[in-house]
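The paragraphs below lead through one protein model, from its pockets to its helices and then to two charged side chains. Please keep the sequence and the coordinates at hand while reading.

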Amino acid sequence: MGDAVSDTSAADVDIILKDVGADMNAWIGNLRTVLKFKSHQDVAVEKFSKPGISKDTLAKILFEGYQMVYSHRNTFESSRVGVEKLKSELIAAQRSVVRLQQQLLDFQEKLLNTQTEQLQGMSTVVDTAVDKGFRSYSQALSRTIKDSVPVLSEKTLKKVVQEAVTDDDRSRNVIVFGLADDASEDLDGKISDLFDDIEEKPSFEAVRIGEQSEETNRPVKIRLRNSDNVHRILQKAKNLRKTSKHRTVYIQPDRSPEERAKHRELVAEMRRRASEDPDSYFFIFSGEVCHRDKA
């Protein structure tokens, strides 16, 4: 029996327990049938001695139960030993996993230390080269700057800085054209409805720009939280043409005067080429007029 027990697997234990359960359920079912018990709740000591149940019948049922238990005595022991074996194997596997994890951590630490040492060495070499190069460059520059480089005035520096700041501000803005301009309007509500049509709900600040006129709708400048929101909205802006409420509304980037002039030139070129080649579809992409065949 020892060899059979030592080879017991999880699948074997499952099969053994199912067989034992089936035999026990069969014996209990037979007992209820003979003694006419409808359910487990009907089973009571006094009912085993009720009239109509002979001693021979009870003896036969008891004997069958004994045979069943006796036939499975080795089965239970085999299952117990098998479970203990599985527990031991599980513990050994867990310990093996812990050892492997520790080896991995040790390897990662050694690799990190090696990389750190390499980076420190590279940093020293680069710092030395840069220091030497910077000193040489500084000496050469100091000899030529007076003769070849004009001095920037305070006004010029301020203009450069202001342009850089303005460009950064524009990257967070979009301009909306064609949105109805009412004397007393809920502008934030209109913009929210507009963004709902392209399934966007960003935080924003909106303001009309230009003088109010009965003939035209003033554009709306919208300031968003970051340039990612701007990029996402501009990508979806073309979907407004598919809506019923905002199909004549357009969303454009907040361009500088130079960028607006360049864009007007591109639009004029696109229209000219479209009139010359009506079988192609023209569009502006990355600052160029592109085209493809109409579907």
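Which element gives the most to the lining of the largest pocket? Helix H8 does, with eight residues. The model is a predicted one, in which local features need pLDDT of at least 70 and side-chain atom pairs count only at pLDDT 80 or more, while totals for chains, interfaces and linings use all residues. Residues are numbered from 1 along each chain as its sequence is written, and side-chain values use heavy atoms, with hydrogens and water left out.

The protein has eight helices and six strands, where helices (H or I, at least four residues) and strands (E, at least two) are DSSP runs numbered from the N terminus. Read from the N terminus, the order of these elements is α-α-α-α-α-β-α-β-β-α-β-α-β-β. Of the 295 residues in the protein, 19% are buried, a word that stands for under 20% relative accessible area, with exposed meaning over 50% and partly exposed in between (1.4 Å probe, protein chains only). When contacts (heavy atoms within 4.5 Å) are taken between residues at least 6 apart in sequence, 54% of them join residues at least 24 apart.

To return to the pockets, the largest one holds about 1600 Å³ of space. Its lining is made by 36 residues, and Gln252, Pro253, Arg255, His263 and Ile284 are the closest to its centre. Two or more lining residues come from each of helix H5 (154-170), helix H7 (227-236), strand S4 (250-253), helix H8 (257-276) and strand S5 (280-285). A pocket here is an open set of points, on a 1 Å grid over the protein atoms alone, where a 1.4 Å probe fits and where protein lies on both sides within 12 Å along at least five of seven lines; lining residues have an atom within 4 Å of a point. The volume is the space filled by probe spheres set on the points, which are joined across faces, edges and corners. By class, the lining of the largest pocket comprises 16 nonpolar, 10 polar and 10 charged residues, with Ala, Val, Leu, Ile, Met, Phe, Trp, Tyr, Cys and Pro counted as nonpolar, Asp, Glu, Lys and Arg as charged, and the others, Gly among them, as polar.

The second largest pocket has a volume of about 220 Å³, and its lining includes Ile175, Phe177, Lys221, Gln252, Pro253, Arg255 and His263. Strand S1 (173-177), S4 and H8 each supply at least two residues of this lining, and the largest share, three residues, is that of H8. Five nonpolar, two polar and five charged residues make up the lining of the second largest pocket.

Helix H7 shows how burial can be arranged around an axis. Its buried residues are Asn229, Val230 and Ile233. Because these cover an arc of only 100° around the axis (taken from the directions from the helix axis to the C-beta atoms), they are on the same side of H7. Asp228 and His231, on the other side of H7, are exposed. The buried residues of H7 pack against S1, H6, strand S3 (220-224) and S4. At the N-terminal end of H7, Asn226 acts as a cap, with a side-chain oxygen 3.1 Å from the backbone nitrogen of Asp228.

In helix H6, the buried residues are Leu187, Gly189, Lys190, Ile191, Leu194 and Phe195, and they pack against S1, strand S2 (204-208), S3, H7 and S4. Just after H6, Glu199 takes a positive phi of about 60°.

Why does Lys190 of H6 count as buried? Lys190 counts as buried because its relative accessible area is 18%. Its side chain makes a polar contact with the side chain of Glu185 at 2.7 Å, a polar contact being a pair of N or O atoms within 3.5 Å, of which, within protein, one must be able to donate a hydrogen and the other to accept it, and residues adjacent in sequence count only if both atoms are side-chain atoms. A polar atom of the Lys190 side chain also lies 2.7 Å from the backbone oxygen of Ala180, and the C-alpha atoms of Lys190 and Ala180, 10 residues apart along the chain, are separated by 9.0 Å.

Lys190 also touches Asp181, a residue in the loop between S1 and H6. Asp181 is buried, since its relative accessibility is 14%. The side chain of Asp181 makes a polar contact of 2.8 Å with the side chain of Arg218. Leaving aside residues up to four places away in sequence, Asp181 touches Lys190, Arg208, Gln212, Asn217 and Arg218.
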